[in-house]
Every structure is written in structure tokens, then in C-alpha cells.
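Please load the model in your viewer and keep the selection panel handy. We will go from stop to stop, picking residues as we go.

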Amino acid sequence: MDNSVALVTGASKGIGREIARQLAAAGVTVYAGSHDAARGERAAGEIGGDARLLVLDVTSPASIAEAAGQVGVLDILISNAGISGDGKTADREDIGIFRRIYETNVVGVVAVTNAFLPALRRSAHPRIVNISSGTGSLAWATGPQFPHRGGYAAYRSSKAALNALTVYYAHALADDGIKVNALAPGLRRTDLNAAAAASDGDPAEAAAGAVRLALLPDDGPSGEFFSWDGTPVPW
Ligand code: NAP
């Protein structure tokens, strides 16, 4: 992976830090995105290899512009930064929570993607991986065994929107050779929410799925949704 350059948003901890660590271990130069400089600096040290802090708040246009100005060529963009909120159904949810979650999980991904497109277009093999969630799958949500029913409405609908954007970006960027895919990481032990924190899912396993999509060959898929283990997830 000599000379490849990646950006992982939300790399200060959790799945993002592990994706960054695995990419760095594969020889990729990794920009570890973090909206908190101190946490990001610490994470860059833990990631090792050629990892560099990139201060990046995905909800701040000024921060995004400043970060994009520091990256000339980008081979891999992993939009991982995300927030979860509470488990409420849509009818009980505070509208401000909806706005905050969409601002990070949806608008933030669009803003970061668009800002880094010039750098991605300078790559010979550009790849975008959106870290989504199986809870955003409408096929699974309407299936008989889905556990949450209407709960986590703000978070899950933000990931359904991210899934839609994955398809639209894949179509729009196909002529540029940019592959865009979404990953369902599975339930992982992170600070995302109480369910994640209580789980025994290893973030490294999810990160390996993201790295696989980041390093897809030129004849690999685009505009698709995969589980961490590489199996397709229905939209
Ligand atoms: P996490 O440990 O809470 O990590 C989230 C990361 O996003 C942190 O680095 C956080 O930075 C960053 N972040 C939040 N808001 C940001 C902003 N405005 N700008 C830049 N960075 C921001 O959670 P995680 O589980 O690793 O989540 C990573 C991704 O996986 C998310 O998109 C999540 O929806 C998805 N996912 C996770 C699970 C799971 O079970 N863990 C399941 C399905 C999907 P700070 O700490 O500095 O705020």
C-alpha cells in the first residue's frame, strides 16, 4: 500500500480508531480525523505507523474547509464519525435530537465527501466507505425478526439516508472511477450508546470489513451495502 493516503473521520476512538490502526499497519498514510485536537493527537500515537492528526469537525464548514486544504491527494475516505442519541420512537423524539443526529450522520458526510472530492479525483484508485448500520436497513426493519421496531428512529433513519446517499454518490462518481460502498459494522463494544457499550462485539472485526472495502480492486463493487463479514445487506 505504498504511498496510499486515507482519511478516517471520527478516528479518536472506537471503530474509527481501529480502522485507522489497521490501515496504518497495512502501510497506508492515515489522516486521523478528530474534532478534539488533544484526543486526536493521543489517538494518532496509539494508531501508530504513518498516522497524522487532522482536526476535523464534520458539522463545521470552516473546520472541513481547513482540513481539506491540508490534503492534496486522497485515495481512501472513510466516513465513520457518527452519533447515536437515544432509543426513542419518532413520535416521542425531540426535534432537536433529530437535527443534531442528521447534522452529523447525514449532512456531515455530504459536506466532508464534497470537500474532499478534488483530492479523491487526484487518486488512481479512489474509494469511499460510509460507516452505516444494519439498523438503517429498511428491509431488515420491515422483516419479522427486527428487534427495535420503531425505536432509535432518529439514528436509524439517519443511517437509511446515508444508505441512499451511498447509492447516489456511487452513481454520480462512477465516471470518476470512485467506488462508494456502505458498511454495517455489527454491534460493537464502543461508547456509541448503551447497547454498544454492553456488547462483546470486537471493533477490530468491524474495522477489518471497512478496510476490505477501502482496498477494493478496480473490478470491485460500488453502490452496495455489506456486513462486516463481507456478506451483502439488503437496503
Ligand atoms: P464512538 O466510539 O462513539 O466513536 C464515534 C466517533 O465519532 C468518535 O471518534 C467521535 O469523536 C466522532 N465524532 C462524533 N461527532 C463528531 C463530529 N461532529 N466531528 C468529528 N467526529 C465526530 O462510536 P463507534 O461505535 O466507534 O461509531 C463509529 C461509527 O460506527 C458510527 O458512524 C456509528 O453509527 C457506526 N456504528 C457503530 C455500531 C456499534 O455497535 N458500535 C453499530 C453500527 C454502526 P469524539 O469522541 O471526539 O466526540
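**Stop one: the second largest pocket**

Select α6 to begin, since the largest share of the lining of the second largest pocket, four residues, comes from this helix. Keep in mind throughout that you are looking at a predicted model. Now add α5 (138-141), because α5 and α6 each supply at least two residues of this lining. To see the whole wall, select Thr135, Gly136, Ser137, Leu138, Ala141, Arg149, Gly150, Gly151, Ala153, Arg156, Ser157 and Ala160. These residues enclose about 150 Å³ of space. Colour them by character and you will get four nonpolar, six polar and two charged residues.

**Stop two: a residue with positive phi**

Stay in this region and pick Tyr152, which lies in the loop between α5 and α6. What is the phi of Tyr152? The angle is positive, about 55°, although Tyr152 is not a glycine. Switch on the surface and Tyr152 counts as partly exposed, at 21% relative accessibility. The cut-off for buried is under 20%.

**Stop three: the largest pocket**

Next, select Gly82, Ile83, Tyr155, Thr190 and Leu192, which of the 43 lining residues are the closest to the centre of the largest pocket. About 1100 Å³ of space lies here. Show α1 (14-25), α6 (153-173) and α7 (194-198) as ribbons: each of these helices supplies at least two residues of the lining. Colouring this lining by character gives 17 nonpolar, 19 polar and seven charged residues.

**Stop four: the nonpolar cores**

Hide the surface and select Val8, Ile19, Leu23 and Ile78. Of the 27 residues in the largest nonpolar core, these four touch the most other members. Strands and helices both take part: β1 (5-8), α1, β2 (29-34), α2 (37-47), β4 (76-79), β5 (127-131) and α8 (203-214) each supply at least two residues of this core. Which helix gives the most to this core? That is α8, with six residues.

Centre the view on Ile19 and display its surroundings. Leaving aside residues up to four places away in sequence, Ile19 touches Val8, Ile78, Asn80, Ile131, Ala207, Ala210 and Val211.

Then move to a second, separate core, which has 26 residues. Ala81, Val106, Phe116 and Tyr169 are among them, so select those four to find your way around.

**Stop five: salt bridges**

A search of the whole structure finds nine salt bridges; here are three to visit.

- Select Arg21 and Glu18, whose side chains meet in a salt bridge at 2.8 Å, N to O. The two residues are three apart in helix α1, so about one helical turn separates them. Arg21 is partly exposed, with a relative accessible area of 36%, whereas Glu18 is buried, at 14%.
- Select Asp50 and Arg52, where the closest N and O atoms of the salt bridge are 3.1 Å apart. Asp50 counts as partly exposed at 33% relative accessibility, and Arg52 is partly exposed with a relative accessible area of 37%.
- Select Asp91 and Arg92, whose side chains form a salt bridge at 3.9 Å, N to O. Are these two residues buried or exposed? Asp91 is exposed, with a relative accessible area of 64%, and Arg92 is exposed with a value of 64%.

Notes: Residues numbered from 1 in each chain as written. Predicted model: local features only at pLDDT ≥ 70, side-chain atom pairs only at ≥ 80, totals over all residues. Heavy atoms only, no water. 1 Å grid on protein atoms, 1.4 Å probe; cavity = no way out; pocket = protein on both sides within 12 Å on 5 of 7 lines; lining within 4 Å. Points joined across faces, edges and corners; volume = space filled by probe spheres on them. Nonpolar A, V, L, I, M, F, W, Y, C, P; charged D, E, K, R; others polar. Core = buried A, V, L, I, M, F, W, Y, C linked by side-chain atoms within 4.5 Å. Buried < 20%, exposed > 50% of the residue type's maximum accessible area, 1.4 Å probe, protein only. Contact = heavy atoms within 4.5 Å. Salt bridge = Lys/Arg side-chain N within 4 Å of Asp/Glu carboxyl O.
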